[in-house]
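Colleague: I'm new to this one. Could you take a close look at one part for me, the open sheet of chain B, and then say how it sits in the whole?

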Amino acid sequence: MSVYEKLKALDVSLPEMAVPVAAFVPVVRAGDLLFVSGHIAKKEGKPWIGQLGSSLSTEVGKEAARRTAIDLTGTLHAVTGDLEKIKQIVKLMILVNSTPSFTEQHIVANGASEFLQEVFGPVGAHARSAFGAAQIPFGSCVEIEAVVQLR
Amino acid sequence: MSVYEKLKALDVSLPEMAVPVAAFVPVVRAGDLLFVSGHIAKKEGKPWIGQLGSSLSTEVGKEAARRTAIDLTGTLHAVTGDLEKIKQIVKLMILVNSTPSFTEQHIVANGASEFLQEVFGPVGAHARSAFGAAQIPFGSCVEIEAVVQLR
Amino acid sequence: MSVYEKLKALDVSLPEMAVPVAAFVPVVRAGDLLFVSGHIAKKEGKPWIGQLGSSLSTEVGKEAARRTAIDLTGTLHAVTGDLEKIKQIVKLMILVNSTPSFTEQHIVANGASEFLQEVFGPVGAHARSAFGAAQIPFGSCVEIEAVVQLR
């Protein structure tokens, strides 16, 4: 199955690329690498507000990470025109808005990692760092940035 | 206008490159990419101490981010010998020393992003992640690292 | 002395590469760059739990960072088959599990930076960002990711 067939099988529709409200751009290409700006978790188009360890459960955080990976995939589709042009999802940095006592950032982050492997297969096998941020812009619960290699 | 003319028009003078006091270097080149170490915000040559959400306002944090971007530009000048050799400011990671309730990291970060776009024009259009750190070395309020591509 | 001779002189034995328990991989290669996943600090094979500023001293944190750099070197050995194939340790991101008042992340991080320079010499001279994370997966006290260039 192609990436798009897998997305359809998962009943995932990709969103439009969000244009940053600030003085930066969603993606910069350098050689065959795409550096993708941090995408914050959104729900119904608005920042998905909450902190793991207090207002949000690990399961909800994992779902937020999955949704953020979908948004990021939407950005990659918009920028490449064809997700099959992606050679490898190289690296993710996954920030989890965390209280000082929440220690399951890796489980939250799996929401994103599992989605990308499900959709991209071996192309989606990435290196990753996940950790707790003191806060995230707009109070969002998750933020994900990526480095992606093109064919 | 050249980058240097823009800096002059903004009345910005670049500082000397700060030599890290530790076992690392300010910049490493790999191929045509420069990986620039995290620069902490400084005021009058000393760490600009403070935390957003308590001791510092968003406006002051934004000014600290702008000053840090100036210092980082000074490092790039020292390393390249000529800022016109820069093809693209590829990516910034902007850490904002934040209390658990401060959620305007993106506004603070704009202090750096807007400066770079002002000075470098399209060459300064970068991808970015901004988020809240629990603390930053020396208690500084902002830290910025960068990936830069050379021509 | 070769890298392996230096390791022996330091009485350091490299561990096996830890296979992530999640949907990601330890290292991804893109061109001549290796992107290495965040390695959390471990003690006797288990997460080295603690937070700087409360349960752990700066000295212990520095030792944890050194141990994490050893583990990361073990991963690089497993992936490359020969550490002499490394052209440059390009960049480290060093996260220190910190209370809001702990400001010596740079000293903790030196545990990793000094080890890499000791073992790799000029090849180990890297760019770096170090900062305080609100938490780290499993409650570990330190997490380190790396970008490495191959010859």
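Modeller: Here is the sheet, followed by the chain and its neighbours.

This is a predicted model, where local features need pLDDT of at least 70 and side-chain atom pairs count only at pLDDT 80 or more, while totals for chains, interfaces and linings use all residues. Residues are numbered from 1 along each chain as its sequence is written, and chains are lettered from A and ligands numbered from 1 in the order in which they are written.

So, the sheet. It's open, with five strands of chain B in the order E1-E2-E7-E5-E6 and mixed pairing. Strands (E, at least two residues) and helices (H or I, at least four) are DSSP runs, numbered from the N terminus, and two strands pair if DSSP finds at least two bridges between them. At the edges you'll find strand E1 (27–30) and strand E6 (127–133) of chain B, each paired on one side only. On average, neighbouring strands of this sheet are turned by 15° against each other, direction ignored. Axes here are lines fitted to C-alpha atoms, for helices over the stretch in contact, and angles run from 0 to 180 degrees between N-to-C directions.

Now zoom in on one edge. E1(B) and strand E2 (residues 33–40) of chain B run antiparallel, joined by four bridges. B:Val27, for instance, has B:Val36 in E2(B) as its bridge partner.

Two helices lie across these strands. Helix H2 (residues 58–80) of chain B crosses E1, E2, strand E5 (86–97) and strand E7 (142–150) of chain B, at about 40° to E7(B). Helix H3 (residues 105–120) of chain B lies across E5, E6 and E7 of chain B, running at about 160° to E5(B).

Next, the neighbour. The contact between chains A and B takes 22 residues from chain A and 26 residues from chain B; residues are in contact if their C-beta atoms, placed from the backbone, lie within 7 Å. On the chain A side, strands E1 (27–30), E2 (33–40), E5 (86–97) and E7 (142–150) of chain A each give two or more residues. E2(A) has the largest share, four residues.

Finally, chains B and C. A turn of 120° and a shift of 0.0 Å along the axis lay chain C on chain B with an RMSD of 0.0 Å, superposed by least squares on the C-alpha atoms of residues with pLDDT of at least 70 in both. That is the relation of a three-fold axis. In chain C, C:Ala134 comes closest to the rotation axis, at 2.9 Å (C-alpha).
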